[in-house]
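Let's take a walk through this protein together. Have the sequence and the model open as you read.

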Amino acid sequence: RPVGPGVPGEIAVRSNYLSLGYVEAGAVVAPTDRGADPAGRRNIYYTGDRGVRGPDGSVLVLGRLDDQVKIRGHRVDLSEVTAALQGHPRVRSAIALAHPTRGGVEIVAVVAARRGGLGQEGLERFLAARLTDPMTPRRYLFLDDLPATPNGKVDRAALQARLQQAPADAVPPALADGREARLIGAWSGLFSRPVDASSTFTDLDGDSLSYVQAALALEDVLGAAPRGWQDMTIAELAAGPAQARGWLTTIETPMLIRAASIVLVVFGHLTEHLKSTGATTAMFLVSGFLFCKFPLQRSAKIRSGYPILKSIVAILIPIAFFSYLVYFDRLFSGRNAGLYLLTLSVELVSHVGFSPQEIFDVPGYLWYVHSLLKVMSIVYVSFQIYKFYEPNILDASRFILVLFIIGCLLRFVLPFFTAEDYLARGHRNILPEKFWAFTHLATFMLGGMIAVCATRRAKFAVAAVVAVYALAVTLTYSIPQGTMALVCGLLLLSNFQAQVPRPLAALAMTLAGASLYIYLTHTRLGRFAQQLAPDGGPVVTVALTLLGGVVIWKLVTWCEVLARNWFARSRVSV
């Protein structure tokens with residue numbers, strides 16, 4: 001089927017003077033790469049090369065057909081990877097090969113460097129700026145020269161044989177396969193997409209809600225989650241060295257901040273202690289970090305807003321369910337229900353009119369989750385617009401920076417137009433504006449800026465931005481919020497991993513995973529805890545409240561796993 005100008009296809013040569021075939025063992029073997037023209041004459045030779053024909057009839061060779069491989073669901077042209085390798089000034093010759101593994105197929109870069117040598121780390125940084133993640137080689141083989149066939153082409157067969165002779169994995173295949181099966185089983189209940197050995201957390205559209213559960217599954221199977229596990233395939237994770245389950249283990253900074261923040265929020269709402277800690281600032285910051293690190297960057301790579309939308313829907317369902325539950329409860333009990341619960345817009349209602357008891361009773365504190373939903377929706381709509389006007393590769397870093405600047409203008413300039421006495425009173429005394437989604441867009445995107453930092457220079461630049469932003473928040477909002485922005489921002493930027501006792505790490509991870517459900521239920525559960533243990537004091541009240549939120553999270557997670565497993569089985573049976 002011939003294709004028109006500008007449409008890629010296989011290059012075919014039609015001639016009445018083709019060779020009779022190939023000579024093997026002294027005999028002519030009939031070729032299998034021939035086709036017939038409309039008249040039935042077998043005079044077409046299929047070259048196996050991809051190409052495109054220009055309007056003037058010229059043909060541009062795009063590479064070999066067998067260079068088309070699928071990596072974790074993405075179609076990759078190995079000739080593009082080879083071209084990127086050869087673009088490095090210290091590479092004399094190179095080729096990218098598809099090498100089969102237990103997890104599917106991986107890209108191997110075979111490189112012959114110029115005099116002076118070339119380090120793998122420097123080559124990886126060079127490729128990271130030019131290739132998408134699925135196109136990036138997973139292994140590197142450095143040779144003095146690439147083997148060649150008699151006609152001068154790279155001897156791919158010899159290189160594949162060389163790769164087969166590479167040292168075997170340190171983990172015995174049986175053990176690795178057993179781990180693969182356990183990880184596939186554990187992750188299958190967390191994601192709506194099919195999970196196999198070539199799956200990664202990022203490619204499965206992982207988000208902040210599934211992050212903790214996936215990490216806990218790794219902890220259970222491997223003993224510890226290795227650094228960078230989010231972008232490693234299940235096969236790579238299973239083939240890694242086993243980790244001894246010692247007394248101490250590591251906990252990642254985002255999880256530690258999220259766990260500490262939700263505890264501070266519960267203490268502030270249920271007791272007389274820790275009333276103003278800036279905990280919601282930390283929660284917006286870490287939410288932006290995880291959101292931009294996974295769904296947003298994933299959306300930028302595949303040029304689709306689906307991962308972002310999926311992450312929004314994941315938190316929309318429990319937030320909407322609880323808000324509607326509260327609305328009908330207040331409606332049937334004769335209290336003021338408020339349409340702001342139905343429209344998920346508590347943050348737009350002036351909090352001056354709420355008494356302390358009403359805020360404790362439910363509606364007031366829901367401003368955070370309603371505002372978070374709108375911030376994420378703003379990012380989604382902005383991404384769709386950005387994708388429409390950007391025909392080339394989407395730059396997530398540039399997108400995040402633009403939204404951060406817009407967020408700063410909305411946070412620090414918008415009050416000039418919404419409050420006449422802004423200069424006289426300062427932002428800290430303007431109650432309604434404190435809760436708007438526009439006000440917290442900048443904090444959310446600051447977390448995103450931290451998440452996409454890839455170089456030391458970029459980290460220094462973002463550290464300066466964090467310091468200036470924290471100072472601005474301190475001057476216009478409050479010292480606790482500015483301090484929290486500074487401390488948590490620098491901790492996230494340092495990628496610090498704390499060594500803590502294993503039970504404490506498990507507790508922090510559990511609280512981090514259940515943080516949304518703890519936040520949604522803590523006022524109701526807090527009142528029940530006070531009735532259950534009236535003489536227990538604030539610590540007992542908070543502990544029981546946190547426990548109740550964790551139990552609800554576990555029940556919801558268990559139901560989701562059952563539903564996904566049932567759906568998978570029914571789909572297979574059909």
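What follows goes from the overall build to the cores, the surface and the salt bridges.

First, some housekeeping: this is a predicted model, where local features need pLDDT of at least 70 and side-chain atom pairs count only at pLDDT 80 or more, while totals for chains, interfaces and linings use all residues. Residues are numbered from 1 along each chain as its sequence is written, and side-chain values use heavy atoms, with hydrogens and water left out.

Start with the big picture. The secondary structure adds up to 21 helices and 13 strands; these are DSSP runs, numbered from the N terminus, with helices being H or I of at least four residues and strands being E of at least two. Of the protein's 574 residues, 47% count as buried, meaning under 20% relative accessible area, with exposed being over 50% and partly exposed in between (1.4 Å probe, protein chains only). Look at contacts (heavy atoms within 4.5 Å) between residues at least 6 apart in sequence, and 67% of them join residues at least 24 apart. On the outside, the protein exposes about 28900 Å², and carbon and sulfur atoms supply 62% of that; accessible areas come from the Shrake-Rupley method with a 1.4 Å probe, and for residues only the protein chains shown count as cover.

Now go inside. A nonpolar core here is a set of buried Ala, Val, Leu, Ile, Met, Phe, Trp, Tyr and Cys residues joined through side-chain atoms within 4.5 Å. The largest one has 112 residues, and Trp187, Trp229, Met445 and Tyr519 touch the most other members. Helix α8 (residues 279–302) gives this core its largest share, 13 residues. Apart from this core lies another, with 19 residues, including Val91, Ala109, Leu123 and Tyr140. Back in the largest core, which residues does Tyr519 touch? Leaving aside residues up to four places away in sequence, they are Ile262, Val265, His269, Met283, Tyr365, Trp367, Tyr368 and Val369.

Some nonpolar side chains sit on the surface instead. Leu401, Ile405, Leu409, Val413, Phe416 and Phe417 make a nonpolar patch with about 600 Å² of accessible area together. Patches are made of residues with over 30% relative accessible area and no salt bridge; like charges are joined within 9 Å, and nonpolar side chains (Val, Leu, Ile, Met, Phe, Trp, Tyr) within 5 Å. Two elements, α13 (396–412) and α14 (415–418), give two or more residues to this patch. The largest share, three residues, comes from α13, and Leu409 lies in that helix.

Finally, the charged pairs. Side chains of opposite charge can pair when their charged atoms come close. The structure holds eight salt bridges, each a side-chain nitrogen of Lys or Arg within 4 Å of a carboxyl oxygen of Asp or Glu. One of them joins Arg41 and Asp37 (3.0 Å, N to O); Arg41 is partly exposed at 48% relative accessibility, whereas Asp37 is buried at 7%. Another brings together Asp145 and Arg92, at 2.7 Å from N to O. Asp145 is in the loop between β11 (139–143) and α3 (156–164) and Arg92 is in strand β9 (residues 91–101), so this pair ties together parts 53 residues apart in sequence. Then there is Arg502 with Glu219, whose closest N and O atoms are 2.6 Å apart. Because Arg502 lies in helix α19 (residues 502–513) and Glu219 in helix α5 (residues 208–222), the pair links parts that are 283 residues apart in sequence. Both Arg502 and Glu219 are buried.
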